[in-house]
Amino acid sequence: LLHTLQRHTNFVVSVAWSRDSKRLGSGSLDKTVKVWDAASGKLLHTLQGHTDEVWSVTWSPDGSRLASGSSDRTVKVWEAASGRLLHSLEGHESFVHGVAWSPDGRRLASGSDDRTVRVWNASTGHSLHILRGHQACANCVAWNRAGDRLASGSWDTTAKVWDTDQGKLLQTMSGHTGFINSLEWSPDDKQLATASDDSTAKVWNASTGRLLDSLGGHTSSVHSLAW
């Protein structure tokens, strides 16, 4: 054990490393985001501005900003060095569960309990696309490495792949029998992996939506995965 980071006053539900591995961001049900020095465990900033639980926190690719999604229906963008609030992205009609930066740092995607996925201009805070098609909470979102596709996982048990330039639905992956909790693109962008409450992880062809493999063996929900 190197450090125990103790300053939150409620459950910590999201943690993310900066790309240079020098800092950690944490999001909590105490309504705050905290930024920590990873080497020393020192608290650098407490980001206050959300009025309800923070469910997701993620760093921009260059490490200069953080984004957080909250039950207060907003996505907030913060300056990492100072902890200053840069933008509050408003438009979702219910809780924001998942937030992800595009690889070039120019856009943000957010998934919400209002059943939509939104794509935002990260510099201005303007909404670029509202992606509709899920029949329940859009729980998680992930960009491919090329930045031209976005995947979303939902409590409706499906994953969807979207064209982020046109806001067009390309594929729907159906096969899980429980909520989808997380998803991840393969490094070559050809496959998509999903983790579900049905105790399986599944691997899909990202272009065709075809199921390639179902990975069983767990005896309870699968909440996260990584390539």
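This tour moves through a predicted model, from one strand and its two partners to a pocket. Residues are numbered from 1 along each chain as its sequence is written, and local features need pLDDT of at least 70.

Select first residues 65-70, strand β6, where strands (E, at least two residues) are DSSP runs numbered from the N terminus. Six of its six residues are buried, so β6 is largely enclosed by the rest of the structure; buried means under 20% relative accessible area with a 1.4 Å probe, protein chains only. Arg65, Ala67 and Gly69 point one way from β6, while Leu66, Ser68 and Ser70 point the other way. In a regular strand the side chains alternate between the two faces of the sheet.

Add β5 next, which pairs with β6 in the antiparallel sense over five bridges, pairing being called if DSSP finds at least two bridges between two strands. Look for Trp59 opposite Leu66, then follow the five residues between the strands of this hairpin to Gly63, which has a positive phi of about 80°.

On to β7, residues 74-79, which runs antiparallel to β6 and is joined to it by five bridges. Here Ala67 stands opposite Val77, and in the hairpin, with three residues between the strands, Arg73 takes a positive phi near 80°.

Finally, select Val57, Thr58, Val99, Ala100 and Val141, which are the closest to the centre of the largest pocket among the 37 residues that line it. Elements giving two or more residues to this lining are β1 (12-17), β5 (54-59), β9, β13 (138-143) and β17 (180-185). A pocket is an open set of points on a 1 Å grid over the protein atoms alone, where a 1.4 Å probe fits, with protein on both sides within 12 Å along at least five of seven lines, and lining residues have an atom within 4 Å of a point.

Note on methods:
Heavy atoms only, no water. Helix = DSSP H or I, 4+ residues; strand = E, 2+ residues; numbered from the N terminus. Buried < 20%, exposed > 50% of the residue type's maximum accessible area, 1.4 Å probe, protein only.
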